[in-house]
Amino acid sequence: MAKARLLYFLYAFLFAALVLNCHSYSHERKVHVVYMGERPKGDAPLASTHHSMLKNVLGSGSSTKDSLVYSYGRSFNGFAAKLTDEEVAKLSKMDGVVSVMPNHILKLHTTRSWDFMGFNGKLGSSKEGDVIVALLDTGVWPESDSFSDEGLSPPPVKWKGTCKATNFTCNNKIIGARYYNSDNFYDITDFRSPRDSIGHGTHTASTAAGREVADASYLGLAKGVAKGGVPGARIAVYKVCWSFGCGLADILAAFDDAIADGVDIISVSLGSDWPVDYLEDPIAIGAFHAMKNGILTSNSAGNSGPFPVSVSNFAPWTLTVAASTIDRKFIAQVVLGNGQTFTGLSINSFDLNGTTYPLIWGGDAANYTIGADSTASGPCFPEAMNSYQVKGKIVLCDAYPQGFFSDGAAILLANGVGTIMTVSDPIYTDFAFSYPLPATLISVDDWAKILEYIRATDNPFATILLGETPKDVVAPVVASFSSRGPSPITPDILKPDITAPGVDILAAWSPVAPPSIYYDDKRSVNFNIISGTSMSCPHASGAAAYVKAVHPNWSPAAIKSALMTTAYVMDPRKHKDLEFSYGSGHINPEAALNPGLVFDASVEDYINFLCKQGYNTTTLRQITGDNSTCSSTIIGRAWDLNYPSFSLYVLDGQKINGVFPRTVTNVGSANSTYTATMYMPADITVTVEPSVLSFSAVGEQKKFTVTVNGPEIAQQPIVSGAIVWSDGVRAVRTPLVVYNYLPGAPYNLDSDSTTNKKATFRGSSIFHTKMITGDN
């Protein structure tokens, strides 16, 4: 009964929040994206063609002006329009239409981090200033010191973008800004401009390319010099995410503009929470066109870890980034009246100056007026607290049901001084939150000791100390929330590709966005500390921009290869899921400047990859948007894609057997010889032929073949090793993984059920818990 009552209160509050946050639309038509593939040659605008097509579908009774939302035509061909189901069916049959997709909504998925990697980034603004980093996000706060243009020259001549904004000023740092909202819905908190009201986009942009800012901190915590990976690079802002999420039509419009504007790197910290086929994924489609134009897209792996097959953004032409810790933790200690001290996780900026306050258990402070009892007040549910008993006290709260967290606001709203919380799921204990009052998150064992103290003491007291930042000596470790591989769509490609700092990252923030996980927190900060693969992605984007600044002619695949093959090797003893958590390893931007060899890949290589995956000419063109065909390709494994890692999945009961042809390009010393060394468990045989590669010129290419053999295996987890090519100076490392897997599991992707699973694209890849808030 107690558990049932607790869940009743939990879901009652969740339902109230849902009702308050639902938005209904009265119009019958809904936004759809009509994708028509590659832009025809020539400079003729395509809008008139799009209007004509719409007119034929809508008939004389409706206005194309009212229906048309976007006309894509700068980088690829298509448009977004408000359509009924009947109009969608008509458009789908028209000549030139590749696909018509509903406007799915996606979700969004610091200073110390660059130093932790040993990265100084001393290129200077002269080289970095030619690189333009595009952020598809929630916009930015342009007045932030992180976006100062002091000392920067005018934008590079290749820039073709604009500052399409009101209440927003661009400069020589933020050289362009646009915003997109196909549904034309705005929350009261949203700015109708590229200005950021959420904080996420400001954080990611400053992480990737923010200027150096001295004495940056979160309300005094983690004080230091804040900087991005390429402080001298330019930033182009494409606001596609709002309080309700990010629309597919808006994402594609932003890719269309960013490509035509002349950006070099596109950073996308958002994604779907359900596996989406490449031909239905706006990020995969947009990134494919970016790749065709020499632009690398870096994106977040998602925050659905530590569960397997949870990685999102897994297209092989993008860089998929996991999140890992840095060597700094945020803790806050609880000191009891008897002198006992307990350490919890918290970004606690509140200083009680050592003053002790009465300490109570939440279960002893139920608000009986609304029908609450200890099962609801024990976990400190919103409105379940007796404000008369909580006022002026520190409250010990029970753990929420598994998967849910508290923002602490229930105690704040009941006039409490602070809160001591615990968590029922020990998985998520490697990152910290900030709260709107003194708070800390302790272990279940310590929680029991504090409850025992309360029960055994007539007048229990406690205080919560100001937050501290001790060194984390075991870092880097992949975060619990970081999504894991294998790829649910193409397990022959190892995903994620790489990991980067994404835990407790300090970076710039929008001063109108809440500074804690309580959404009604009215305090204002210029820097904030948050966690997520949203934070790791811009680290990789900045690293990619750093490589691009030194090697402006390198292809997206070459830059990606350089980052992967020079990555720091992660400790497998700390990761039971091995490369499924960290890919090739932890980014090492400085080493990526001189990788020695790169695994390059062309548009044709990716087309061949798609054909071998079973795409026919029609479905292929839904992604490529051109006249590509699959007529001469035999369906098979993706082992021949020139990828800088090796993934061999085996069905239960089959022998381990795979052949991987590869080609490397010399980008190091003209006269050099590389020798291969293999590391793999003893029962798996790996041969490399030839095992020695000699080069006489920069740009020269050499081929080799990796053959992997082993016994029959069934229901076995990942095992891994690596192939390392060395010339005595450089080490080109490529991981090799072997595992049992049934492609599509556990999502049943090959069944009819997936047709009913519509992708929801999340606004960001900040780690958002299932939060019970005090403002329901």
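A charge is taken to sit over a ring if NZ of Lys or CZ of Arg is within 6 Å of the ring centre and within 35 degrees of the ring normal. In this predicted model, the charged end of R195 meets that description, sitting over the ring of W141 at 4.5 Å from its centre, and the charged end of R637 is likewise placed over the ring of Y649, 3.8 Å from the centre of that ring.

These contacts belong to a protein of 776 residues, of which 61% are buried, and whose secondary structure comes to 19 helices and 38 strands. The protein exposes about 29100 Å², with carbon and sulfur atoms supplying 51% of that area.

Rings also meet one another, and the structure holds 25 aromatic pairs. One of them joins F288 and W317 in an edge-to-face arrangement, with 5.0 Å from centre to centre and 90° between the planes. This pair links distant parts of the chain, for F288 lies in helix 9 (residues 282–292), whereas W317 lies in the loop between strand 15 (296–300) and strand 16 (318–324), 29 residues apart. Both F288 and W317 are buried, and the two residues also belong to a cluster in which ring pairs link Y278, F288, F314, W317, Y606 and F609.

Another pair is formed by F433 and Y435, whose ring centres are 6.5 Å apart; their planes stand at 80°, and the pair is therefore edge-to-face, since planes over 60 degrees apart count as such. F433 and Y435 are both buried.

Definitions and conventions:
Residues numbered from 1 in each chain as written. Predicted model: local features only at pLDDT ≥ 70, side-chain atom pairs only at ≥ 80, totals over all residues. Heavy atoms only, no water. Phe/Tyr/Trp six-rings, centres within 6.5 Å; stacked < 30°, edge-to-face > 60°. Helix = DSSP H or I, 4+ residues; strand = E, 2+ residues; numbered from the N terminus. Buried < 20%, exposed > 50% of the residue type's maximum accessible area, 1.4 Å probe, protein only. Areas by Shrake-Rupley, 256 points an atom, 1.4 Å probe, with all protein chains shown as cover.
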